[in-house]
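Ready to work through a few exercises? Have the viewer open, and try each task before you read its solution.

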Amino acid sequence: MNTEQKFLSRSEAETEALGAALARELGSGGIVLLNGDLGAGKTVFSRGFARGLGITEPVSSPTYTIVQEYELPGGGRLYHMDLYRIGDEHAALGFGVDEFLNEPGAVSLIEWPERIRGLLPDTAIRVELAHRSENEREIRIIRP
Ligand SMILES: Nc1ncnc2c1ncn2[C@@H]1O[C@H](COP(=O)(O)OP(=O)(O)OP(=O)(O)O)[C@@H](O)[C@H]1O
Ligand SMILES: [Mg+2]
């Protein structure tokens, strides 16, 4: 059964804090899908998430690189992906998305995951972000 938690974030800092809390709970290994419109806060959430995993280097949007890799302090890696510009699953397999998803000890954080729906396990955690006002976002965290 799915469990769902719902939050109202009133600032970028609050969204980062939610990301950090989820990361600390996950530890190593796992896939987190970030759904939401342009500007909903997926990258802001990701920055907080990376901080929560102990990553101190700057976290920027992988809009053009598609994937950004970070070493985790305790071993393993974080893969932060932005699939907005990826056409389909075939293109994603071309850059090795399945290897990232299946790497032991790795954490994957995926913006625009609907591009590769058929490649994602149902064990992934879903984060749904939606605009409520200029500075407010509704954030739902759904665990399978
Ligand atoms: N409560 C909030 N939480 C997160 N971001 C907020 C909030 N209020 C305002 N913002 C602003 O909304 C924007 C969110 O941008 P962000 O790059 O995280 O969106 P995104 O979902 O990654 O978009 P894209 O699909 O283009 O990658 C930032 O400019 C941020 O400052
Ligand atoms: Mg983004």
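**Exercise 1. Find which elements each supply at least two residues of the shell around ligand 1, and sort the shell by class.**

Step 1. Helix 1, helix 2 and strand 7 (136-143) each supply at least two residues of the shell; helices (H or I, at least four residues) and strands (E, at least two) are DSSP runs, numbered from the N terminus.

Step 2. Around ligand 1 there are 21 residues, and the closest are Thr15, Gly41, Lys42, Thr43 and Val44. A residue is near a molecule or strand if its C-beta atom, placed from the backbone, lies within 6 Å of it.

Step 3. By class, the shell holds 4 nonpolar, 9 polar and 8 charged residues. Ala, Val, Leu, Ile, Met, Phe, Trp, Tyr, Cys and Pro count as nonpolar, Asp, Glu, Lys and Arg as charged, and the others, Gly among them, as polar.

A note before going on: this is a predicted model, where local features need pLDDT of at least 70 and side-chain atom pairs count only at pLDDT 80 or more, while totals for chains, interfaces and linings use all residues. Residues are numbered from 1 along each chain as its sequence is written, and chains are lettered from A and ligands numbered from 1 in the order in which they are written.

**Exercise 2. Describe how helix 1 and helix 2 pack.**

Step 1. The axes of helix 1 (residues 12-26) and helix 2 (residues 42-52) are 6 Å apart, at an angle of about 45 degrees. Axes are lines fitted to C-alpha atoms, for helices over the stretch in contact, and angles run from 0 to 180 degrees between N-to-C directions.

Step 2. The two helices are therefore oblique to each other (under 35 degrees counts as roughly parallel, over 145 as roughly antiparallel, 65 to 115 as roughly perpendicular and the rest as oblique).

Step 3. The contact of helix 1 with helix 2 has 9 nonpolar, 5 polar and 5 charged residues.

**Exercise 3. Trace the order and the pairing of the strands in the sheet.**

Step 1. The open sheet has 7 strands in the order 1-7-6-2-5-4-3, with mixed pairing; two strands pair if DSSP finds at least two bridges between them.

Step 2. Strand 1 (3-9) and strand 3 (67-71) are the edge strands, each pairing on one side only.

Step 3. Strand 2 (residues 30-35) runs parallel to strand 5 (residues 107-111), joined by 5 bridges, and Val32 stands opposite Leu109 in strand 5.

Step 4. Strand 2 also pairs with strand 6 in the parallel sense, over 4 bridges; here Leu33 has Arg126 as its bridge partner.

Step 5. Strand 6 and strand 7 run antiparallel and share 7 bridges, and a hairpin of 2 residues joins them.
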